[in-house]
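Colleague: I have just opened this entry for the first time, and I would like some help in reading it. Could we go through it one feature at a time?

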Amino acid sequence: MNKNDNNETIYVNVSPKDKQDFTVAANVQKGEPTTQDTPWFKRLCNALRERAFRHAQRKQPAKQAFFPSYTRIKKVFILFESDLLERNSQVKQLIRELQADGKTVTAWGFVDKKQISSAILRDYRILGSQDVNLLGQPKEHERNDLKHEHFDLLISLNINNIMPLRYLGLYADADFRAGMKTDEPYENDFMVALPDDEKNIVYLFDQIMLYLRKINADNTYQTMHTQPANKK
């Protein structure tokens with residue numbers, strides 16, 4: 001059992017053996033191997049996080065997705081996994097490419113470490129582990145900064161299924177969402193399948209842009225109805 005930021009209780013089934021292992025893990029001395037290092041514990045945590053995400057997804061209001069003409073896109077939101085040094089040279093090059101096309105770009109990244117050295121800017125920031133809760137959900141101050149923005153296009157470069165980036169994509173107010181093809185069909189409106197030997201953010205970005213730029217500029221906004229969230 002756990003609680004999300006809205007103080008709602010999320011339940012997960014735990015076997016008697018798992019409960020025993022939790023108790024053992026809580027009593028080991030610092031430096032000794034813990035239950036948290038075992039594969040079953042990681043699977044349990046991942047299942048809990050996925051279930052909490054689905055719960056949050058179902059609570060989101062139904063939206064229409066607008067398949068945009070690239071020439072009409074003005075504001076773009078990019079989500080990406082930051083490198084440990086927070087340099088992100090490839091992402092910054094992609095941002096410059098969009099800016100050269102006259103787009104206003106906001107980019108948020110995530111890296112799994114506590115101390116973030118990058119400055120928090122209006123249009124560029126990197127979140128760390130101190131900015132999310134145990135379920136991977138960004139904390140309230142991050143969500144508040146995001147909810148006042150509206151984007152014509154969201155590009156998710158989340159190729160490694162990073163949970164905080166999935167939440168940011170869920171909470172962002174965007175007319176259209178594009179990203180990598182996954183087994184979860186309701187998180188993006190347009191998805192690109194990546195070959196195993198081309199699983200990188202540059203290839204994903206290039207493929208998304210290739211299709212967006214092919215859309216006839218005269219067909220300004222074609223309305224699509226999004227599917228309801230998967231309730232399983």
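Modeller: Let us begin with a term that we shall need for the pocket: helices here are DSSP runs of H or I with at least four residues, and they are numbered from the N terminus. Please also keep in mind that this is a predicted model.

Colleague: With that term in hand, which helices each supply at least two residues of the lining of the second largest pocket?

Modeller: They are α2, residues 39-59, and α5, residues 163-171, and it is α2 that gives the largest share of that lining, with six residues. The pocket holds about 650 Å³ of space, and among its 25 lining residues Arg-49, Asp-112, Gly-136, Met-163 and Pro-164 lie nearest its centre. Sorted by class, the lining has eleven nonpolar, eight polar and six charged residues.

Colleague: How many bridges pair strand β4 with β5, and in which sense do the two strands pair?

Modeller: Strand β4, residues 75-81, pairs with β5 over seven bridges in the parallel sense, and Glu-81 stands opposite Phe-110 of β5. Between these strands the chain passes through helix α3, residues 89-100, in a β-α-β crossover that is right-handed. Strand β5 is also joined to β6, residues 124-127, by four bridges, again with the strands running parallel, and there Ala-107 has Tyr-124 as its bridge partner.

Colleague: Is strand β5 mostly covered or mostly open?

Modeller: Mostly covered, since six of the seven residues in β5, which spans 104-110, are buried.

Colleague: What should I look for when I read a salt bridge?

Modeller: The general idea is that side chains of opposite charge can pair when their charged atoms come close. In this model, a search of the whole structure finds eleven salt bridges. One of them joins Glu-149 to Lys-75, with the closest N and O atoms 3.1 Å apart, and it links distant parts of the chain, because Glu-149 sits in the loop between α4 and β7 whereas Lys-75 belongs to strand β4, 74 residues away.

Colleague: Which parts does the salt bridge between Glu-97 and Arg-213 tie together?

Modeller: Its closest N and O atoms are 3.6 Å apart, and the pair ties together parts 116 residues apart in sequence, because Glu-97 lies in helix α3 and Arg-213 in helix α6. Glu-97 is partly exposed at 26% relative accessibility, and Arg-213 is partly exposed at 40%.

Note on methods. Residues numbered from 1 in each chain as written. Predicted model: local features only at pLDDT ≥ 70, side-chain atom pairs only at ≥ 80, totals over all residues. Heavy atoms only, no water. Buried < 20%, exposed > 50% of the residue type's maximum accessible area, 1.4 Å probe, protein only. Pairing = 2+ DSSP bridges. Right-handed = clockwise from strand over helix to strand, strands pointing away. 1 Å grid on protein atoms, 1.4 Å probe; cavity = no way out; pocket = protein on both sides within 12 Å on 5 of 7 lines; lining within 4 Å. Points joined across faces, edges and corners; volume = space filled by probe spheres on them. Nonpolar A, V, L, I, M, F, W, Y, C, P; charged D, E, K, R; others polar. Salt bridge = Lys/Arg side-chain N within 4 Å of Asp/Glu carboxyl O.
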